Amino acid sequence: MSIYITQPDNVGITVESDPNALKIASNLSDLASAPTARTNLGVAYATNDQALTGTSQTTTLNPLTSIISQMNTNVIQPNLAQFAASTSGAGAATSIPSTSAGFALTSPTVAVGYAIRYVGPLVNGVAITGNIQWTRPAGFCARLVNPNFNTFQTQAVARVSLGKQDVSIYAGPPTARGIAVSYGASVTSVLSALILEVHDGTSLTTVTSSFTPTMNLSFDIAVYSDGLGNVTLYANGTQVATTSAGPSTNGGGTYETKLMAEIHNTSTATQTSYVRVENIKYFVN
Amino acid sequence: MKTTYRITYLLGLMDNSICPPPVVSVIFPSFDGSQLVISDQSKILVTFATAQTPVDLGALVKVEEVVTESE
């Protein structure tokens, strides 16, 4: 026996007689609850907390949560005067040029040493006494430039980091839970690729990125830790390195919280090296 | 034996826009930039390999030896 359907159920849906049926002409305005429908479709708007903490890469912001996220007190651009300074080695210097939105760092002339600017301890939105809560997203960003008026020596390394200890000041990769980006020069004033550095509290992991900065061209860096161990480096807005070996647990010593920029001669150079760091911000919550 | 000195102003904040701050070489004539300097708006710490005799800049600039080095 054959069954013939002479009028499929989807034909003439605009005149569907079932009062519970959706109508094309209604453009979904006949849904009982649009927010519930958005949730069911997996496109619910972010909550204020999600907008502030950045815990999702897929949830969309509505205009209100967009404003809330812009008012995020977890994102801080410190006053430049708040940055303490440290120098070691003849010729090492750091200054805050009056016309700059950042600071300049100059490495020692013919010595091992460094020039450092830092702020810390940082304030946490959620109480983890005296430390960054690495189980939640954290990160930093800055604009860097190596002007042509100064060389960049092969002995020098420039670095921006979050999470170094407050009890001692040192140049180099993080030795406790932290995230950082660094670069040097392969030959004088020929800069090397950015290196993403992460420390999970046990060991340091470095990842060479696909981005190589150029002398006299400013570039933007951003490092984002998602709280699960995944850390991503962005250069000029593009992802250039990532690792899953980042910090994902809380703990460690007290006040391993510094936001730091440095230039560091790891061995004796013949001239100074120079980097300018501007618009530096950090994000902890 | 390393010796660390703390410099503080008793009136106002210190200008921390330049490090090492120029006042360090005024207070310590032997300062040549190779020494460790840590500065912020409230203090300057300078560490020498040997003990120094600071120049007296008056009552509003205090220079004191730090027994236990700290930030």
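Start at the strand pairing between the chains: in this predicted model, A:Ser95 has B:Ile18 of S2(B) as its bridge partner. That bridge belongs to an antiparallel pairing, in which S3(A) and strand S2 of chain B (residues 18-19) are joined by two bridges.

Zooming out to the whole contact, chain A puts in 18 residues and chain B puts in 15 residues. On the chain A side, strand S2 (84-88) and strand S3 (93-95) are the elements that give two or more residues. S2(A) is the top contributor there, with five residues. As for chemistry, that side of chain A splits into ten nonpolar, seven polar and one charged.

Now for chain A itself, which is divided into two domains:

| Domain of chain A | Residues |
|---|---|
| domain 1 | 13-70 |
| domain 2 | 75-283 |

Their C-alpha centres sit 41 Å apart.

What about the packing inside? In soluble globular proteins, nonpolar side chains tend to be buried together. Here the largest nonpolar core has 66 residues, and the members that touch the most others are A:Phe140, A:Ile221, A:Val223, A:Leu233 and A:Val277. Strand S17 of chain A (residues 274-283) supplies the largest share of this core, six residues.

Which residues does A:Leu233 touch, leaving aside those up to four places away in sequence? The list runs A:Val181, A:Leu194, A:Leu196, A:Ser209, A:Ile221, A:Val223, A:Val240 and A:Ala241. Two names on that list, A:Ile221 and A:Val223, also appear among the core members that touch the most others.

Key
Residues numbered from 1 in each chain as written. Chains lettered and ligands numbered in written order. Predicted model: local features only at pLDDT ≥ 70, side-chain atom pairs only at ≥ 80, totals over all residues. Contact = placed C-beta atoms within 7 Å. Helix = DSSP H or I, 4+ residues; strand = E, 2+ residues; numbered from the N terminus. Nonpolar A, V, L, I, M, F, W, Y, C, P; charged D, E, K, R; others polar. Pairing = 2+ DSSP bridges. Domains from an automatic or database assignment. Core = buried A, V, L, I, M, F, W, Y, C linked by C-beta atoms within 7 Å. Buried ≥ 20, exposed ≤ 12 C-beta atoms within 10 Å, placed from the backbone.
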